[in-house]
Amino acid sequence: MRRVRRRDRHGRGLRGPLAPPEVPISLTRAEKFDDLVREEVQRIVAPWRSELSGVEFAVEDIPEAVPGAARVPLAVTRTVAGVPRVVVFRRPLEARAGKDGKGERELVRLIHEVVVDEVAILLGLDPEDVEDPEEG
């Protein structure tokens with residue numbers, strides 16, 4: 001008879017999670033990215049709330065492949081059922097931010113730039129005017 005090996009060799013069963021679910025360490029990379037995008041969108045859209053009331057913001061992992069495209073888009077604005085939707089792509093932004101010690105700061109900067117650019121396109125303004133609406 002063959003003996004079945006178990007991972008919990010002392011018969012104690014599976015251990016619980018290392019951190020409670022509400023602690024940032026327990027978030028996946030995708031969840032952290034979603035939170036970063038949500039924070040940037042809230043901050044950037046706040047002065048333009050009435051103009052952007054019908055706009056949706058979303059996160060996807062990767063863009064659809066476009067044959068012959070020279071560059072991978074970091075974000076795109078689509079119209080779905082008559083509603084504009086800004087889609088930010090996680091994997092290209094993470095790849096561009098890099099894995100070194102500055103990776104998260106660079107990722108936040110890139111997310112900020114991408115969201116500002118897409119909002120500027122929607123509003124028909126320069127990105128500088130979207131970043132600082134008081135001056136524009």
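I call a residue buried when its relative accessible area is under 20%. With that in hand, I opened this predicted model and checked a pair in helix α2: Arg 90 and Glu 94 are both buried.

**Entry: the pair in α2**

I looked at how these two side chains meet. Arg 90 and Glu 94 form a salt bridge, at 3.0 Å from N to O. They sit four residues apart in α2, about one turn of the helix. I then followed the charges outward and found a network of salt bridges that links Arg 90 and Glu 94 with Arg 29 and Asp 61.

**Entry: what surrounds α2**

Which residues of α2 are buried? I noted Arg 90, Pro 92, Leu 93, Glu 94 and Ala 97. These buried residues pack against α1 (29-45), β1 (56-60), β3 (83-89) and α3. Just past the end of α2, I stopped at Gly 98, which has a positive phi of about 90°.

**Entry: α2 against α3**

Next I took the helix pair. Two packed helices are described by the angle between their axes and the distance between those axes. For α2 (residues 90-97) and α3 (residues 103-123), the axes come within 8 Å and cross at roughly 130°. That angle makes α2 oblique to α3. The crossing is right-handed.

I listed the residues that touch. From α2 come Leu 93, Glu 94, Arg 96 and Ala 97, and they meet Gly 103, Glu 106, Leu 107, Leu 110, Ile 111 and Val 114 of α3. By kind, the contact holds six nonpolar residues, one polar and three charged. I was pleased to meet Glu 94 again here, having already logged its salt bridge with Arg 90.

**Entry: other salt bridges**

How many salt bridges does the structure hold? I have nine on record, and I looked up two more of them.

In α1, Arg 43 and Glu 40 are three residues apart, about one turn of the helix. Their side chains form a salt bridge of 2.9 Å, N to O. Is Arg 43 buried or exposed? Arg 43 has 52% relative accessibility, so I count it as exposed. Glu 40 is buried, because its relative accessible area is 8% and the cut-off is under 20%.

Arg 85 pairs with Glu 56, with the closest N and O atoms 3.5 Å apart. This pair links distant parts of the chain, from Arg 85 in strand β3 to Glu 56 in strand β1, 29 residues apart. Arg 85 is partly exposed at 30% relative accessibility, and Glu 56 is partly exposed with a relative accessible area of 37%.

How values were computed:
Residues numbered from 1 in each chain as written. Predicted model: local features only at pLDDT ≥ 70, side-chain atom pairs only at ≥ 80, totals over all residues. Heavy atoms only, no water. Axes fitted to C-alpha atoms, helices over the stretch in contact; angles between N-to-C directions. Helix = DSSP H or I, 4+ residues; strand = E, 2+ residues; numbered from the N terminus. Parallel < 35°, antiparallel > 145°, perpendicular 65-115°, else oblique. Left-handed = near helix turned anticlockwise from the far one by under 90°. Contact = heavy atoms within 4.5 Å. Nonpolar A, V, L, I, M, F, W, Y, C, P; charged D, E, K, R; others polar. Buried < 20%, exposed > 50% of the residue type's maximum accessible area, 1.4 Å probe, protein only. Salt bridge = Lys/Arg side-chain N within 4 Å of Asp/Glu carboxyl O.
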